Amino acid sequence: MLALPSELRPVREGLTGPPREEALRQSEEQFSHLVAGVTDYAIFLLDLHGHVRTWNIGAERLKGYTAQEIIGQHFSRFYPEDAIESAVPEKELQLAQAEGRCEVEGWRLRKDGSRFWANVVITAMKDEAGKLRGFLKITRDLTDRQKVEEALRQSEEQFRSLAEGMPHCVWVCDNQGNMQYQNQVWYAYTGTMPGDVHGLDWLAFCHPDDRSHLMEERAKALETDGLHVFDIEVRIRRHDGEYRWFRVTGLPIRDDKGVTIRWAGTCTEINEQRRLVDALRQSEERLRLLATAANDGLWDLDIATGRVWWNDAYDRWFGPRPPETGKSIDWWADRLHPEDSERVLRWLREAIAGEATRWVENYRLRRADGSYAYVVDRVLVQRDRLGKAVRAVGSMLDLTDLKEAEEALRESEQRLRERADELETVLRATPAAIWMSHDPQCHRITGNPASYELLKMPEGTNPSATADPEDLARRTYQEFRNGVPVPPHELPMQLAASKGVEVHNAEVTMVFKDGSLRHTYGNAVPLWNPDGSVRGSVGASVDITELKQAEDKLKDADRNKDEFLAMLAHELRNPLAPIQSSLELFRLAGSNDPKLERAKAIMERQVNHLVRLVDDLLDVSRITRGQITLQKAPVDLATIVANAVESSRPLIDARRHDLQISLPSEALPFDGDPTRLTQVVVNLLSNSSKYTPEGGHISIEARSDGNQAVIAVKDDGMGIAPDMLPKVFNLFSQAERSLDRSQGGLGIGLTLVHRLVALHGGTVTVNSAGLGQGSEFVVRLPLLAGRVSDETAGASNRQKAEGTSLTRRILVVDDMPEVAESLAMLLEYLGHVVRMAHDGQTALQLIEEFRPDVILLDIGMPGMDGYAVARQIRAQPSLRGIYLAALSGYGTESDRERSREAGFDAHLLKPVKLATLERTLASLTGH
């Protein structure tokens, strides 16, 4: 700010009278001379109305006008148009006149039209009488300062924009720790609002156990003036009260003299990283323990040195190794079987020299006692960036016991197939009349050929005396005892089923419509469910007493067969359960390794194939015992075929088959169980795929033929020998379609197809021109008399799963640790909180501590089984809200009914599929 020249002050203070004007003029000239050479300020005088009276060099330099150009002009010429429109120049003169002085900042114009930011001081000039004589105006160019301030403002805006856009908590505090700024992430995480936190209140959000460490690190950073970087991991409380791990970092902010004036930093959530680190540590510990305790032989070869690390399993198998010799690969090579040595060593050399990273080899190794063990070696090669093998690790499994068990199992399966064929042959060839009731009321009875021959009725006719009126009309005889008609409820089979007793040597005379008589001795026995209830009865009638024992043996063999099949299927489900869960977990986790993805896909297909075989095995047993109830509804033929193709597509694609699909243009509705009918078509497609070489052709056609729906599955595969055609639908029947039987199954799929189609009132036939000529299976089902819309026809085949995906507290209880652990890992991956127990008592103790929402409870546990645990849970009012789901390898209706009686909400069949598990958990809206 430039002061008023002292030379002007006498003029204002002492002059009076006429000489005053001249003195003033002289004073102004003196002022002009004084300021003329000032170059940093524009200093000039204005008259009473704002016209320029003087002009110095600083004004000319700043504004661009010469004195000749501007003197006499109004000073508003220096103002932008918007300021002129707002009368800013006049207001500034009025303010200076009123208060003696006016100081403002704003945009001003140069002669060339450019703008500059100016500091302007206008001083009113008055004489000693106080009369206004004019104005002194001094202008400074502050454009550079304005740019600095604008840059600072933009920098602060950029900082705030960046801070608010970051996913981390951003903070700024002073040297005392008082927060000056926190971004919205902090407020959203802590549930606070700006202004809620004062001073060091933010410390309250840190976990009590972490506060002292946090303050110590902060003190070190302050003491070293930021040379000790503030970087610490602490737990910070979230708005819902949960503490989560954060990495807190801070850096000093210094002024232009290097003095720390503030601190800025971030809080980055690392809760998941901490969890993963802990999980990795635990995993490494588990691997160390596994390597120590594993029954498998584990080894690690340094290819450059030939030195090997083996775990203790090798000592158990092959005896102690010399301290130094035992570290060399030569120790292993010397123990190879002579017949395997050259092959295995060549295999190892080629694998290391080639590009492979994984391989599997079977060979024999000499034990300490001189005998040889059969082993399978799975090897992984580690290579450097140039592809050179530097390390090989492997896992060796002793297969000696397994090979012996496989041979015994193979012999057992052969005996089982022979026994099944023998049983089927006996039933068809025996001269005894044998009947079976498929329900306790004996409404539906079927018999062997000898029985229909005895009764003079067509095969498949229902001979029951308690059948529906339509079936009764087909009966060709009436039963008498001692000349008196026998009431239906006193007949041997009805009596056995209703009373649960065996009836022996019951004399019955059958009088036929043609007047002929047959005297028989009949035996009848009830058929029992696993829970002790009667499910039907079996009867046998012979013309001679000596054949009675044959009927008893057939009955026992049939019951034993069914019980064996049911038990075998159940026992197979337990090892399948952890495999199924683990594969689901691998699929969800995903992988970038195509080979690993291919391996997982192969395993999934094989597990699904094995599960389907187990299901087929159970279904055949249930059908044989009359335990399958069809859930019929109007269904469209095209819908059944489409669903079956979708289920069979992975197997067909894996074998690169060309599948041709032909569907009708109109809806072909019929009455059937959509799930079972889809199972029929899937089994036919799977059968064709298994027996058709890779790249072969399969076709499926759906059409109508009169009042029948027709499904035809045709292939150009291995075909069927003429002598096998009559037996393809027999249980355990299987053609020798290849020398190695590589595509063989259990021989139950086509049996299941035949029986399910029969339950729907349809037929299935097979045609083949012989081996190598392909085959065709044709299913015929009765169409509905009327037509239904596509939507109605397909409605039975659609299911909608509704529910919310919520985190559940789940307790998994299974006496097999691998089953429980694999299921628990899968549930944890889905986001649930999971605990495990391996017996009933432990489960009951955990319930009180853990308070689960859901319990997945195995039924068949030793000691306290699942039923007993469920009853104890339901007996406690405080636990009645827990959702109980039974896990079992048995899935008959009686098994499910027993679960319901024990208090279970659901009955899940092992292995539980991921879709079933998710559907069950998503449906728990009321729990």
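Leaving aside its neighbours within four places in sequence, Leu684 is in contact with five residues of this predicted model, namely Val713, Leu750, Val753, Phe777 and Val779. Leu684 is also one of the residues with the most contacts inside the largest nonpolar core, a group of 37 residues in which Phe670, Leu685, Ile700 and Val779 have that standing as well. The elements that give two or more residues to this core include the helices α20 (637–654), α21 (674–690) and α22 (749–759), and they also include the strands β25 (697–705), β26 (708–715), β27 (763–767) and β28 (775–782). A second core, separate from this one, has 25 residues, among them Phe318, Ala333, Leu336 and Val381.

Lower residue numbers bring us to a sheet. Four strands form it in the order β1-β4-β3-β2, with antiparallel pairing, and the sheet is open. Its edge strands are β1 (42–46) and β2 (101–109), each of which pairs on one side only. Averaged over the sheet, and with direction ignored, neighbouring strands are turned by 25 degrees against each other. Strand β1 is joined by 5 bridges to β4 (residues 132–141), and the two run antiparallel; within this pairing, Ala42 stands opposite Thr139 in β4. Helix α6 (residues 88–99) packs on the sheet and touches β1, β2, β3 (115–126) and β4, while its direction makes about 165 degrees with that of β2.

Aromatic rings can be followed next, and the count of aromatic pairs comes to 11. In one of them, the rings of Trp107 and Trp117 have their centres 5.1 Å apart and their planes at 85 degrees, an angle over 60 degrees, so the pair is edge-to-face. This pair links distant parts of the chain, since Trp107 is in strand β2 and Trp117 is in strand β3, 10 residues apart. Trp107 is partly exposed at 34% relative accessibility, whereas Trp117 is buried, with a relative accessible area of 15%. Another pair is made by Trp347 and Tyr363, whose ring centres lie 6.4 Å apart and whose planes meet at 50 degrees, so this pair is tilted. Here Trp347 comes from helix α13 (residues 338–353) and Tyr363 from strand β12, 16 residues apart, and both Trp347 and Tyr363 are buried. Ring pairs also link Phe44, Trp55, Tyr65 and Phe78 into a cluster.

Charged side chains offer another route through the structure. Side chains of opposite charge can pair when their charged atoms come close. A search of the whole structure finds 31 salt bridges. One of them brings together the side chains of Arg244 and Glu242, with 3.0 Å from N to O. Arg244 counts as buried because its relative accessibility, 17%, is under 20%, while Glu242, at 33%, counts as partly exposed. Both residues belong to a network of salt bridges that links Arg238, Asp240, Glu242, Arg244 and Glu269.

A further salt bridge joins Asp398 and Arg367, with the closest N and O atoms 3.6 Å apart. Asp398 lies in strand β14 (residues 389–398) and Arg367 in the loop between β12 (358–366) and β13 (372–383), so the pair ties together parts that are 31 residues apart in sequence. Asp398 is partly exposed, with a relative accessible area of 25%, and Arg367 also counts as partly exposed, at 22%.

The side chains of Arg835 and Glu849 meet in a salt bridge too, at 3.5 Å from N to O. This pair links distant parts of the chain, with Arg835 in strand β30 (residues 833–837) and Glu849 in helix α25 (residues 840–850), 14 residues apart. Arg835 is partly exposed, with a relative accessible area of 31%, whereas Glu849, at 55% relative accessibility, counts as exposed.

The last stop is Asp895, which lies in helix α27 (residues 893–902). Is this Asp895 buried or exposed? Asp895 is buried, because its relative accessible area of 14% falls under 20%. Leaving aside its neighbours within four places in sequence, Asp895 is in contact with Tyr867, Tyr890 and His907.

Definitions and conventions. Residues are numbered from 1 along each chain as its sequence is written. This is a predicted model: local features need pLDDT of at least 70, side-chain atom pairs count only at pLDDT 80 or more; totals for chains, interfaces and linings use all residues. Side-chain values use heavy atoms; hydrogens and water are left out. A nonpolar core is a set of buried Ala, Val, Leu, Ile, Met, Phe, Trp, Tyr and Cys residues joined through side-chain atoms within 4.5 Å. Buried means under 20% relative accessible area, exposed over 50%, partly exposed in between (1.4 Å probe, protein chains only). Contact means heavy atoms within 4.5 Å. Two strands pair if DSSP finds at least two bridges between them. Axes are lines fitted to C-alpha atoms, for helices over the stretch in contact, and angles run from 0 to 180 degrees between N-to-C directions. A salt bridge is a side-chain nitrogen of Lys or Arg within 4 Å of a carboxyl oxygen of Asp or Glu. Rings of Phe, Tyr and Trp (its six-membered ring) pair if their centres lie within 6.5 Å; planes under 30 degrees apart count as stacked, over 60 as edge-to-face and the rest as tilted.
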